[in-house]
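Colleague: I've got a few questions about this model before I head back to the bench. Mind walking me through them?

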Amino acid sequence: MRTILNLFGRSPFAPLLSHMECVAKCVHYLFELFDALEHKNDELIEKICEKISSTEHEADLIKNDIRGHLPKSLFLPIDRSNLLEILSLQDSIADNVEDIAVIVSLKPLELLPAFKNEFKMFLQKNIDTFDEALLIVKELHDLVESSFGGMEAAKVRGMVDEVAFREHEADIIQRQLLKCVFKAEDQLNYITFHQWQKVFESLSAISNLSENLAYRIRRTLEIK
Amino acid sequence: MTMMDPALLILILVTGFYMAWNIGANDVANAMGTSVGSGALTLKRAVILAAVLEFSGAFFFGSHVSKTMQSGIINADIFSDHPRILVYGMLASLASAGIWLQIASYFGWPVSTTHSIVGAIVGFGAVVGGMEAIYWEQVGFIISSWILSPLLGGILGYYIFNIIRKKIFYALNPVEAAVKFTPYLVFFVVTVLGLVLVFEGFRNLHLEYNIFEKGLLSVTLGLIGAIISFFLVKRITPASKECIPIPAFSPDIAHSLEKARKHLQKVNAATKGEMQYHVGLLIDEVESIEGSIQQKHDSSFIHLEYQKVERIFGYLQIMSACMMAFAHGANDVANAIGPLSAAVAILTTGLYAVDAPVPTWALALGGAGIVIGLATWGWRVIETIGKKITELTPSRGFAAEFGAATTIVLASRLGMPISTTHTLVGAVLGVGFARGLEAVNLTTTRDILISWVVTVPLGAVLAIIIFYPIRAIFGS
């Protein structure tokens, strides 16, 4: 009797999703963060940064737990290295959010009217891209159920294409945004410019990483 | 007959019955626990079905393996001078296996009843009767069947699940595919059951058929089963038809469009100039229609479809669980009844009776023991396993049980006493390798090896230790 019970190992898929949900919490704090920044509410910024940092730590704990429970003797329906890559991509997204929070809290930053609208669009698009990737991770359970093929796989493939498309849109918006920032040259000193530049980099990393994440999951599917 | 003989007889019957009780209490859960876990059966139904099928398995089909245990391992002629020694030996083997199982289950070690009883019989025979008292060739067959049965279970589980996922899960319309595919599966299962089991078992009821009649009857039974299942399953409609009111959409249309696009692409590659341009336009058109269908495709009904497929497999799993219970009864009853009937036969009628067929009353006793074990303790184990195994959905459970049961049935027909647990483990691993399970713990294969390496010698040693006191008490 025990032999049969021992046969079923601890599945990493449910913890993987809860890790991603933790990361999502981090990412969604960005809206509040830049809202506070727009209203120059330094106290609130500080508070949100703390929240982001503690959520990121929570995600790290889940990540370590998943890594700690993947012995070689556990056979998974997807490649172990693929799973670990998915996990570390999710982790890097949370890291990038934390980076943004740190940069923003270092020195009060002003959202200039010259690129305010472009920046908001850019933020929105990056988070949209991430949200679509989140939906794909949520499909993992159904993918296991359908054994990584058929209609479910076709659905996920469509979602991956969607992520890629949104990432592309984010890239286009980033170019417009940078044009506006460079035009507002005289309103920015070197430090602020550098600060913004770092923020843009980390933000676009979120959509890039989301795209990579989507393609990693795409790799597990059984469709030609 | 001495004064002590009635006491000896009672002791043998009680020990044999205890072994049967133990099998019912601990091992039936392997056959039924997975079905309870997947939700295909409620606990009550599982226990009732298991009781009926374990008993029928033991009663109608238990004679093959019991015969092996009774007279296939030890050469009774060696003991012709002192036939009572063989009686003590069989009793010691039963007691050894019983004690070892009790110790093992106390510590939670994964051991197999079959391995301990075979080890005990071989150990006693080799030490007391000498090396030539054992049919080593037969023992070799048994040991190789221990290695082959988990492997065969695994291979069958792998391929059955692979067929299921290619034919049903990967279909554009899984529910329709499942509805179409179910009668074939039912036909296959029922025919196998009929061919190997049922008509073979009727020998106990003195009904004889020739091969042609057996084949015809099995196929007829299979067809009847398939037709019944066809009408039962037909009522289940695909989720796509309920959820999507758009009449233009159907998976068939998507399929046809996909074909049309592929053919157009072939034409496009083979032509030049104006023709190619027009074909290119057509391809764009087809792709845009496909895209619009795809969007409707994407809604949440996919999840519902798979749920419905699992519900269909819930019915199929009841069938495979029954097959598993039957196979288990047929194979494992021998662990109790083989040694028991040998001992009783010598004690009551003399040594020549060892080669006689296993008496029907003994099989009935074994079957009853299993059922009582199930009723008094086994249902609890089924409940525990059912609660803990939730990873096996009906489709996976069906594949694993069907693979394992077919292997066990085959082994039972060949008279090979195998471990039903190990075969099921092999089959579940097979399903796991076919990408069917979320996480499979491969360390269980180590448990199986330990069971082989530790249980057999320990059963032997215990049997020898118990043999001498028994001989001292009852005299030679």
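Colleague: Let's start with A:Ser147: is it buried or exposed?

Modeller: Keep in mind that this is a predicted model. A:Ser147 sits in the loop between helix H6 (140-145) and helix H7 (150-183) of chain A, and its phi is near 55 degrees, a positive value in a residue other than glycine. The cut-off for buried is 20 or more other C-beta atoms within 10 Å. A:Ser147 has 27 of them, so it counts as buried.

Colleague: And A:Lys40, buried or exposed?

Modeller: A:Lys40 also has a positive phi, about 55 degrees, without being a glycine. Its place is the loop between helix H2 (13-38) and helix H3 (42-68) of chain A. A residue with 12 or fewer other C-beta atoms within 10 Å is called exposed. A:Lys40 has 12, so the label is exposed.

Colleague: In what order do the elements of chain A come?

Modeller: Chain A has eight helices and one strand. Its C-alpha atoms fill a box of roughly 75 × 35 × 20 Å along the principal axes, and 44% of its 224 residues are buried. Reading from the N terminus, the order is α-α-α-β-α-α-α-α-α.

Colleague: Over to chain B. Where does helix H13 of chain B bend?

Modeller: H13(B) covers residues 301-349, 49 in number, and its end-to-end C-alpha distance is 69 Å, close to the 72 Å expected at 1.5 Å a residue. There is still a bend of about 45 degrees, with the proline B:Pro339 following within four residues. The bend is at B:Asn335.

Colleague: How many residues of H13(B) are buried?

Modeller: The helix is mostly covered. Just past it comes B:Gly350, with a positive phi near 110 degrees. Of the 49 residues in H13(B), the buried count is 39.

Colleague: What separates the centres of the two domains of chain B?

Modeller: The domain assignment gives domain 1 as 5-235 + 304-474 and domain 2 as 245-298. Taken over C-alpha atoms, the distance between the centres of domain 1 and domain 2 of chain B is 54 Å.

Colleague: Which helix of chain B has the lowest confidence?

Modeller: Chain B averages a pLDDT of 85, and 91% of its residues score at least 70. Helix H7 (residues 136-169) of chain B is highest, at 93. Residues 244-248 of chain B stay under 50, and the model has four contacts for them beyond four places in sequence. Among the helices, the lowest is at a mean of 55, over residues 239-243: H10 of chain B.

Colleague: Now the contact between the chains. Which element supplies the largest share of the side of chain B that touches chain A?

Modeller: The contact takes 38 residues from chain B and 30 residues from chain A. Several elements of chain B each supply at least two residues, including H7, H13 and helix H17 (444-474). The largest share is five residues, and it comes from H16(B).

Colleague: How many residues on that side of chain B are nonpolar?

Modeller: Here's how the side of chain B that touches chain A divides up. There are seven charged residues and 12 polar ones. The nonpolar count is 19.

Colleague: Last one: what ipTM does the model score?

Modeller: There are two scores to quote for the model. The pTM is 0.87. The ipTM is 0.88.

Key:
Residues numbered from 1 in each chain as written. Chains lettered and ligands numbered in written order. Predicted model: local features only at pLDDT ≥ 70, side-chain atom pairs only at ≥ 80, totals over all residues. Expected span 1.5 Å × (residues − 1). Bend = angle between axes of the 7 residues up to and from the residue. Domains from an automatic or database assignment. pLDDT = per-residue confidence, 0-100. Contact = placed C-beta atoms within 7 Å. Nonpolar A, V, L, I, M, F, W, Y, C, P; charged D, E, K, R; others polar.
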